[in-house]
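Okay, thanks everyone for squeezing me in. Let me put the structure up, and then I'll talk through a few spots.

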Amino acid sequence: MTAPRTVDFGYPTLATQRPRLSWHVSRRGVCVVAVLLGLTVAAILLSIATGTYTLSLREVLGGLLGTGDAGTLLVVREWRLPRALLAALFGAALGMSGAIFQSLTRNPLGSPDIIGFASGSYTGALIVMLVTGVGYFAVAAGALGGGIITALIVFALAYRRGVQGFRLIIVGIGVSAMLAALNTFLMLKSTESEQLTAAVWGSGSLNGLTVDTLGPAVIVFAVLLVPTLLLSPALRVLELGDDAAGSLGSRPNTVRLWAIVTGVALVALVTASAGPIAFIALVAPQIARRLTRSAGVGIIAAGATGALLLVISDFIGQRLFAPMQLPVGIITVSVGGLYFVWLLIRETRRR
């Protein structure tokens, strides 16, 4: 491989002679991601500092650095920091997953919670919870398996000499509705204690997540981050169409398969820990696209946007009706529903 060289495409670009390892970086995109990450850090610090026990910025920093008193360390490190970090991590995972599927379908409605993949992950995790009891890795495996099976069903039903984005979305909405009915049936057949546990988890909530959840979630996310970033150039080529992508040396079916598995795994990571959190995967890629003014859906920008959105949504859920804490899924559905209506109207007018 030759050394990266600068190519003038109207924005700073690094390129290699191997297409699979080529990439480009726009100056505006880097600035947008940096600003989003800075805002996310500020939102995390605000979330840690506020609450029933208010902390100053110095106390927060002391708790993070380990120089505060025992009470401050308990509040910061054990109670508030893990939840805030998990909100950022899960938001990034959902944003990246949404970017993957919107790139695959070439449609702003191509989100895992719209197509039905999130519902499949929910169903798989719910079955594991009701049959074997609650366990992080067991529920994560169930969520991943349910999402992948649902993805295979949706793609099989939508395949007609290829997969068109709009047909995939329509089939996915139908499959999602059927899975919602199945989930209701499973809830009705379970005991009252199982129903209570599943209902709290199914609302999409970060309440009760501790540092014990943070470790496994970070490891799984780090593992999934590698194929996600490696898929980014291939997905950009795939947006040109299968024929054009094939002529450029890409393997559309292989790329599509790995993209589906990776996108579903990102959703399963969130679902296994916090339950189904809707609309972040739908909204984040489109907001990131408008901020960066890019032609395609950027995975990194979508992840940074999703992280900021979920941290802010969780902060609102904690403080809006304090001391009562709302599940973050209620906040994202409320905000995302308005965006969804606007997007539907916009797409209808365009067509």
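I'll go through two helices and then two single residues. One thing up front: this is a predicted model.

Let's start with helix 6, residues 136–158. How far apart are its end C-alpha atoms? They're 33 Å apart, and since 23 residues at 1.5 Å a residue should span 33 Å, that agrees. As for what's tucked away, the buried residues of this helix include Val139, Gly142, Ala143, Gly146 and Gly147, and further along you get Thr150, Ala151, Val154, Phe155 and Ala158.

Now helix 12, residues 280–292. Same check: with 13 residues at 1.5 Å each it should span 18 Å, and its end C-alpha atoms are 18 Å apart, so that agrees too. Among its buried residues are Ile280, Leu282, Pro285, Gln286 and Thr292. Right after helix 12 comes Arg293, and its phi is positive, near 55 degrees.

Next, step back to the loop between helix 11 and helix 12, where Pro276 sits. Is Pro276 buried or exposed? Well, partly exposed, because its relative accessible area is 22%, and the cut-off for buried is under 20%. Beyond its neighbours within four places in sequence, Pro276 touches Tyr122, Trp201, Gly202, Ser203, Gly204 and Thr271. Gly329 is 53 residues away from Pro276 in sequence, yet their C-alpha atoms are 7.4 Å apart.

Last one: Thr184, in helix 7. Thr184 is partly exposed, at 45% relative accessible area. Its C-alpha is 9.9 Å from that of Thr123, with their positions 61 residues apart along the chain.

Terms used: Residues are numbered from 1 along each chain as its sequence is written. This is a predicted model: local features need pLDDT of at least 70, side-chain atom pairs count only at pLDDT 80 or more; totals for chains, interfaces and linings use all residues. Side-chain values use heavy atoms; hydrogens and water are left out. Helices (H or I, at least four residues) and strands (E, at least two) are DSSP runs, numbered from the N terminus. Buried means under 20% relative accessible area, exposed over 50%, partly exposed in between (1.4 Å probe, protein chains only). Contact means heavy atoms within 4.5 Å. The expected span of a helix is 1.5 Å times one less than its number of residues.
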